[in-house]
Amino acid sequence: MASMFRFRKLWYVALVKLSSQSFEPQEIDKKNEALVSEVEEKPLKKRPRRQAKEWRCVDFCCWAIGYICTTWWVLLFLYNCLPSGVLQAPEPPGTRLKREGLTAFHPVILVPGIVTGGLELWEGKPCSEGLFRKRLWGGSFTEIIKRPLCWMEHLSLHNETGLDPEGIRVRAVPGLAAADYFAPGYLVWAILIENLAKIGNEGKNLYMAAYDWRLSFQNTETRDQSLSRLKSKIELLYETNGYRKVVVVPHSMGVIYFLHFMKWVEAPPPIGGGGGPGWCAKHIKSVMNIGPAFLGVPKVVSNIFSAEGKDVAYVRAMDPGVLDSEILGLQTLEHIMRVSRTWDSLISLIPKGGETIWGNMDWAPEEGYQCDLPNRVCLKPSASENDTKKSGGLKEFHVAEDLVKYGRIVSFGKDASQTFSAQLSARSSKEAREKNISRTAKRACGEIWTEYDEMSRDSILEIADNKAYTAKTILDMLRLVAPKMMRRAESHFSHGIADNLDHPKYSHYKYWSNPLETKLPDAIEMEIYCLYGVGLPTERSYVYETSPSNRCKSIPFRIDVSVDESSAGYLKSGIYFVDGDESVPVLSAGFMCAKGWRGKTRFNPSGSPTFLREYRHKPPGRLLEGRGAESGSHVDIMGNVALIEDVLRVAAGATGAEIGSDRIHSDIMGMSARIDLKL
């Protein structure tokens, strides 16, 4: 018992001591300070620093492989987990039509347009060593980076003859490979070729009529006999396929190239093919023109004038230093101009028909028809929209008929592009000289890069002082700024309207690619199709300014990217837009089928049937749809499912009436009705 009491006493005393120590912070702090001082007095032992691991090539490779594998497994997981409609590619139209019993019947000829056909080297200068029969145009374009000046020299033609320079031979790539892909992954004709193959077309009844798209059309025959080879191929396909007529499918500039061919093949030698009247009626079933540039393309004017277009203008608007840098001295646009001005084919795409077709200073067929640039669509104004305009209410598109003057293809200043011609006064030449004397001084540059280096300051200012140019006066302006090119090319092309098509002068080949100065062949059963996309903003006219750069060998004019119209969507970065396929306006693509050739006219004396087939642009709806199965863009339309189906059905024997005759989404009929052309 006593021992128990002693234990309890000791336990109690221990608790009291412990509690008393907890209430003595000063003593504890002193003890802690003593401990800290002891630690500080002792020298610290430094731990050896771990050296950073040096990365070797093997490490980088392993990490790269790891990332690739991880990405692959994630995509594979998504492919198996997501709904099938999201990632599954749509069924090709050729597969579906074959299942319906459609089979190849007519042989098919494909005619590529400008730029999309490949060009290969057969003879070159010493700088082109190792490039024999390799593509200089199309393919990977690796030679642009490796040796750009050599590459441009070999793509240029002779400035006087428009043919090969001495010691250089560049030729078109033959066969279907010429234009199936423009570059790796960039499809042109490949999808259409694949679908034609699904219904039975192959080498014996399918042919790509490749040609050197840089040359004038008649020079393709003079140098390469391209027209003769096309004539022989059509005759061979006709005879070896049971005497079935050929379906011809040209694209873009290839449309007017084949129009030239149809006149050439029936014309007598030596300038013609000697086929005689009736050759086309005997051998051609249909001509299905895709993205046709029958009446020219306004963007070609800006390309010749300043080597610009929509894309260049947008780049300069976002970052002017990219193209205008004087530190780097790249002068990209000057090099492009120097090369492209040797390509006569560009002149074939200058707007044809003058002010009658494209409008004058105060009128154009497209006025009152606007594009919604933020949403990248162009729609035909409906009657309700016109009523809304009259009532002053709100509507989707802002129509400003008193402002938009599309007929002025080139204007200097926004006011010059919108003011009525009666109120448009040229500014004083003295004032212009004082304002621009430092900008447009005469440049003594030695070797001529562009023809602007041969122009005086007064000539340059005179061009700007004239304020605005229409489709008629633009030719005079181009003759002033590009005299060598225009003298050479205008001997091969014409851009007017014939008063009397029976006049002997129209038997010259310079008129054969202009549908307003030539007749269709006497072939009453030969069908003519105009197949093109609509609903995309397309370049129509431009607002220019004099360039602020005074460096040597520079271009004195450029698109004024500061000009925008915030209240309407038709003007952006100095460019006015209308409806079209991003490259060719609806007016150029559809007028001949809508009016010029419709029924029996002086341009279509035999009354060959014409059909308008428009394809409303829709962006891709699936992840694996590529550039869009319903695209209306100028090149991407080659993968448009509806267009491919139309081509396949006609190639299988259907007529235009059997595939639905006309399909119109744009205002092409209204535009055509507003054009006063004698038919």
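A residue counts as buried when its relative accessible area is under 20%, as exposed when that value is over 50%, and as partly exposed in between. With that in hand, here are a few notes on this predicted model.

1. Let me start with the pair that calls for the cut-off. Lys-231 has a relative accessible area of 15%, so this lysine is buried. Its salt-bridge partner is Glu-235, with N and O 3.0 Å apart. Glu-235 has a relative accessibility of 21% and therefore counts as partly exposed. The two partners thus fall on opposite sides of the 20% cut-off.

2. How are these two residues placed along the chain? Both belong to helix H10 (residues 226–240), and because they are four residues apart there, about one helical turn separates them.

3. Stepping back for a moment, the structure holds 32 salt bridges in total. Another one worth a look joins Arg-169 and Glu-123, whose closest N and O atoms are 2.9 Å apart. This pair links distant parts of the chain: Arg-169 sits in strand E4 (residues 169–172) and Glu-123 in strand E2 (residues 119–123), with their positions 46 residues apart in numbering. Arg-169 is partly exposed, at 36% relative accessibility, and Glu-123 is also partly exposed, at 35%.

4. Please also have a look at Lys-618 and Glu-630, whose side chains meet in a salt bridge with an N to O distance of 3.7 Å. Here the partners are 12 residues apart, and both lie in the loop between strand E19 (610–616) and helix H25 (641–651). Lys-618 has a relative accessible area of 41%, which means that it is partly exposed. Glu-630 is likewise partly exposed, with a relative accessibility of 40%.

5. Some salt bridges are connected to one another. Through shared partners, Asp-164, Arg-171, Asp-212, Arg-214, Arg-223 and Asp-224 are joined into one network. If you are colouring side chains by charge, this group could be shown together.

6. Finally, a word on the nonpolar surface. Trp-72, Trp-73 and Leu-76 make a nonpolar surface patch of about 370 Å². Of these residues, Trp-72 can be placed in helix H3, which covers residues 57–81. Is Trp-72 buried or exposed? Its relative accessible area is 54%, over the 50% cut-off, so Trp-72 is exposed.

Note on methods: Residues are numbered from 1 along each chain as its sequence is written. This is a predicted model: local features need pLDDT of at least 70, side-chain atom pairs count only at pLDDT 80 or more; totals for chains, interfaces and linings use all residues. Side-chain values use heavy atoms; hydrogens and water are left out. A salt bridge is a side-chain nitrogen of Lys or Arg within 4 Å of a carboxyl oxygen of Asp or Glu. Helices (H or I, at least four residues) and strands (E, at least two) are DSSP runs, numbered from the N terminus. Buried means under 20% relative accessible area, exposed over 50%, partly exposed in between (1.4 Å probe, protein chains only). Patches are made of residues with over 30% relative accessible area and no salt bridge: like charges are joined within 9 Å, nonpolar side chains (Val, Leu, Ile, Met, Phe, Trp, Tyr) within 5 Å. Accessible areas come from the Shrake-Rupley method with a 1.4 Å probe; for residues, only the protein chains shown count as cover.
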